[in-house]
Amino acid sequence: MSDKVPVTVLTGYLGAGKTTLLNRILSEPHGQKYAVIVNEFGEIGIDNDLVVGADEEVFEMNNGCVCCTVRGDLVRIIDGLMRRKGKFDAIIVETTGLADPAPVAQTFFMDDNVGRKAKLDAVVTVADAKWLQERLKDAPEAKNQIAFADVILLNKTDLVDPDALSEVEARIRGINPYAKLHKTERCKIALPEVLGRNAFDLDRIMEIEPEFLGDGGHHHHDHDHDHGHDHGHEHHHGGGLKHYHDEEMQSVSLRTDQPLDPDKFFPWVQDLVQTEGPSILRCKGILAFKDDDARFVFQGVHMILDGDHQRPWQPGEKRESRIIFIGRKLPEAKIREGFAGCAA
Amino acid sequence: MTDPRANIPSVVERTRPVKAGAPVVAAHFLGQTAVFVLGEGALVLAPRAGEARSVPVHGGAILSSAADADRIVTGGDDGKVVATDAEGKSTTLATDAKRRWIDHVAVGPAGAFAWSAGKAAFVRTAKGSERMLEVPSTVGGLAFAPKGLRLAIAHYNGLTLWFANAQSEPERLQWKGSHLDVVMSPDGRFVITSMQEPTLHGWRLADRKDMRMSGYGARVRSLGWSVGGKWLATSGSTQLILWPFQGKDGPMGKTPRILASTEVQAEVVACHPKQEVVAVGYADGLVLLVRIEDGAEVLARKGAGAPITALAWNATGTALAVGAEDGEAGVTDFG
């Protein structure tokens, strides 16, 4: 029922290929019209009617939370673009290589006017297969962009050998095992893999599983056992991918078959994002509450949570609760302990 | 469910509908002609007698508008500032050299006007002299002081007050956060901004004392002064919120008067130019005329449609123009 305009956020470190992807999106014959918001200091050469320059003004909100930031320029530009609603089908926001995706994403949840007219579709990060490993060491922004992504294009794969590619992929997975990862040359990809993802749409949270796409495109993951396995040691996965633990940015995944008590869970998760909000970049969950026949789903960015009942549990469907957090130096033991205390 | 307003007095039948045909973003009057500003490039002029007609004024979206007695000044995403008179004759007043969006416009005393593009605010006098001031971040809103060529410029972390015809340094009023719309009280004593978060901030200019006006459920997108400046009427709630500015301390330490409660958000407010009456437009299309003194209500439009996006009184207070997000509009005559 939503006639909100979908917005795709394009991130990636300098030179990774964001503009290449953007031009590919704009030039392919898909019959869609895009309004494009580019950073003023970025690379030029975009051929489109509706291009708006943004200045990436990150504004803090006066609510006592340092991680509650919005992009003031987006509030203004999206309001302006909506006056020409009907002239375009979707919006693409290209950020600078140094931008933090969080304020962009939070703008859609914190500003009621923007949230009423537009919806965040997905954060798409373009990564340079040759240089990403270096950037992960020296550029916190690059790591942020990987951690935040719903879709990652590991680009310029032609510039590295298969071993190096496998290595960089493992590094990405050490930070964000949940994003859809595509290996590309010159950002060549079928556009439905990047656009119309509905990654922030509660109705589309179907399953939460790590995405280990091996060489043949098969799923190699094997995660039916309980938690405690997602990282912390290096080993070989089914597809031959090394398993890295990133010292700074990790994911924590929680799972339980025990029904949860909503009166315990909500205060816990609220308190967690209040206190750990700056560390938590993204979170997502499917929950089975006691005496509740509907799945509850939620997702969040830093301390902003968005959740709702989604649909009834299907007959035969395993009523299992599953949550993931992706963030910086997450207090894993504290999170696991808190979650364990939410059982009904 | 019974309608609690089924039996209040109504002026609905005095309304003549105007087909704006596209979302209305603002309304003004030029004499007896109601002018509806459409989001996409055009004005609809609805004279008291005769057909309404559409006049294209911008080659893109209209981002802002303001009016004095003779003209509507609009800023567009085509980088132009355009003035249009009651006959529909348009003149381009300024074109941004870099074709940046004209985010805000304001009209001032003696034919002066102002506009902003990004961080730059411009003022031009009736004689044609023009000055520019760059503020620390993108301009959130512009307002002229009631007297003199003094412009209030809202931006991130505060406000800049600028005497545009003097060589003195602009004054800066600091308050953390993103300041958007700005208004100055008719007596020039207070300046108020609406912020990104659902709150207003104010300064008393004499001593720069800060005032916070909070408690809103949504960002305040519409605010206006009652006749004489006794009250500041605002949207941002499911009620009409009125802050008292009668005393020398303004609303400091006081609670607002709250009238016209509904189930939906109040989107636009417009104060009557002669009486202490406020027109309030709601998210469901309802428009109420509310008397401040006792909260008495008159129904001006039934609530069963798209959100109200524009309200304006003519200078004598005998006509009210109403515009909605779905392109429906109308003029209610009281004369």
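Biologist: What do the buried residues of α9(A) pack against?
Modeller: β10 (249-256), α8 (262-276) and β14 (321-328) of chain A, with contact meaning heavy atoms within 4.5 Å. Helices (H or I, at least four residues) and strands (E, at least two) are DSSP runs, numbered from the N terminus. It's a predicted model: local features need pLDDT of at least 70, side-chain atom pairs 80 or more, and totals for chains, interfaces and linings use all residues. Side-chain values use heavy atoms, without hydrogens and water, and residues are numbered from 1 along each chain as written.

Biologist: Which residues in α9(A) are buried?
Modeller: A:I335, A:R336, A:G338 and A:F339, in a helix spanning 332-340. Buried is under 20% relative accessible area, exposed over 50%, partly exposed in between (1.4 Å probe, protein chains only).

Biologist: Why are they on the same side?
Modeller: Because they cover an arc of only 165° around the axis, taken from the directions from the helix axis to the C-beta atoms. A:A333, A:E337 and A:A340 are exposed on the other side.

Biologist: New topic: how many disulfides over all chains?
Modeller: Zero, counting pairs of cysteine sulfur atoms within 2.5 Å. For A:C342, the closest cysteine sulfur is in A:C283, 13 Å away, so too far for a bond. A:C342 is buried, at 1% relative accessibility, and A:C187 is buried too, at 0%.

Biologist: And which residues touch the most others in the largest nonpolar core?
Modeller: A:I37, A:L81 and A:I91, out of 60 residues. Such a core joins buried Ala, Val, Leu, Ile, Met, Phe, Trp, Tyr and Cys through side-chain atoms within 4.5 Å. Strand β7 (118-128) of chain A gives the most to this core, five residues.

Conventions
Chains are lettered from A and ligands numbered from 1 in the order in which they are written.
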